[in-house]
Amino acid sequence: MVENDLVTAEHDLAGPPRLSAPARAAARRFAEVVCPPGMLTHHRTDRVLAEFEQVLGALAPAARKGLVVALVALDQGARLYPRSRGRRFTRLDDQAAEAYIRALLSRVWLAELVQRIKGLVVMCYYELPVVQREIGYDPAPYIAAVSRRRLESYGPQIRAGEAAVTAKHRRQDSEQPGAGSEQPGAGSEQPGAEH
């Protein structure tokens with residue numbers, strides 16, 4: 001296991017990387033400020049953070065680390081914000097935390113970064129199945145319709161492409177050492193076969 005101050009990641013592929021405690025606290029507070037009120041009302045913060053960690057797992061390592069560093073910097077940077085009186089973002093009350101985020105969004109050189117983090121976190125909120133049901137979002141019929149249209153329009157090309165890939169893999173498998181009649185159970189060398 002590799003650990004540092006920002007991300008704890010397993011070397012196996014068992015799951016997404018887990019945020020360190022400081023990064024998780026910053027992501028939690030950020031989500032509480034930027035997500036719709038339903039997140040707190042319905043106690044969905046942990047589910048949003050789990051979804052956020054899934055998103056982190058899909059990012060390239062450099063992008064993941066950059067995003068986590070930005071969250072920790074956002075947390076510590078609040079100490080410089082006058083209304084925080086030296087406190088970290090995670091320690092600010094709701095009004096001061098919201099004012100701090102608004103202040104960051106008003107800074108041209110920070111606004112884009114903060115807006116991107118906000119977009120990811122809010123997207124994670126709207127990825128929760130319960131939230132999708134609440135807003136009436138059901139992509140299944142649309143996906144089914146697009147899949148049908150795709151097969152109607154491109155069915156022969158898709159089948160030809162799949163057949164080409166399958167044939168290529170079969171050819172590669174047969175060209176590997178030990179393939180063919182030398183394999184146990186191939187040809188007349190099978191155990192119990194009459195000679």
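Which residue forms a salt bridge with E53, and how far apart are the closest N and O atoms? The views below start with the whole chain and then come to that pair.

**View 1. The whole chain has 8 helices and 3 strands.** This is a predicted model, in which local features need pLDDT of at least 70 and side-chain atom pairs count only at pLDDT 80 or more, while totals for chains, interfaces and linings use all residues. Residues are numbered from 1 along each chain as its sequence is written, and side-chain values use heavy atoms, with hydrogens and water left out. Helices (DSSP runs of H or I, at least four residues) and strands (runs of E, at least two) are numbered from the N terminus. Starting at that end, the order of elements is β-β-β-α-α-α-α-α-α-α-α. The chain has 195 residues, and 32% of them count as buried. Here, buried means under 20% relative accessible area, exposed means over 50%, and partly exposed lies in between, using a 1.4 Å probe and protein chains only. Now take the contacts (heavy atoms within 4.5 Å): among those between residues at least 6 apart in sequence, 51% join residues at least 24 apart.

**View 2. E53 forms a salt bridge with R18.** The closest N and O atoms of this pair are 3.2 Å apart. E53 lies in helix 3 (residues 45-58) and R18 in strand 3 (residues 18-19), so the salt bridge ties together parts that are 35 residues apart in sequence. A salt bridge is counted when a side-chain nitrogen of Lys or Arg is within 4 Å of a carboxyl oxygen of Asp or Glu. Side chains of opposite charge can pair when their charged atoms come close. E53 is buried, at 3% relative accessibility, whereas R18 is partly exposed, at 46%.

**View 3. R24 also forms a salt bridge with E53.** This time the closest N and O atoms are 3.1 Å apart. R24 sits in helix 1 (residues 21-34) and E53 in helix 3, so this pair links parts of the chain 29 residues apart. At 18% relative accessibility, R24 counts as buried.

**View 4. D94 and R29 form a salt bridge.** Their closest N and O atoms are 2.8 Å apart. Because D94 belongs to helix 5 and R29 to helix 1, the pair ties together parts 65 residues apart in sequence. D94 is partly exposed, with a relative accessible area of 47%, while R29 is buried, at 7%. Looking back at the earlier views, shared partners join R18, R24 and E53 into one network of salt bridges. The whole structure has 8 salt bridges.

**View 5. L92 is found in the loop between helix 4 and helix 5 (94-106).** Is L92 buried or exposed? L92 is buried, with a relative accessible area of 4%. Leaving out residues up to four places away in sequence, L92 touches R29, A78, S84, R87, A97 and Y100. R79 is 13 residues from L92 along the chain, and their C-alpha atoms are separated by 9.8 Å.

**View 6. Helix 4 (residues 61-77) packs with helix 6 (residues 108-126).** The angle is about 110° and the axes are 11 Å apart. That makes helix 4 roughly perpendicular to helix 6. Axes are lines fitted to C-alpha atoms, for helices over the stretch in contact, and angles run from 0 to 180 degrees between N-to-C directions; roughly perpendicular means 65 to 115 degrees. L67, A70, L71 and L74 in helix 4 meet L113, V114, I117 and L120 in helix 6.

**View 7. The sulfur of C35 is 8.2 Å from that of C124, too far for a bond.** A disulfide is counted when a pair of cysteine sulfur atoms is within 2.5 Å, and the count here is 0 disulfides. C35 is buried, with a relative accessible area of 8%, and C124 is buried too, at 0%.

**View 8. H43 has a positive phi of about 55° although it is not a glycine.** H43 lies in the loop between helix 2 (38-41) and helix 3. With a relative accessible area of 66%, H43 is exposed.

Terms used
Angles under 35 degrees count as roughly parallel, over 145 as roughly antiparallel, 65 to 115 as roughly perpendicular and the rest as oblique.
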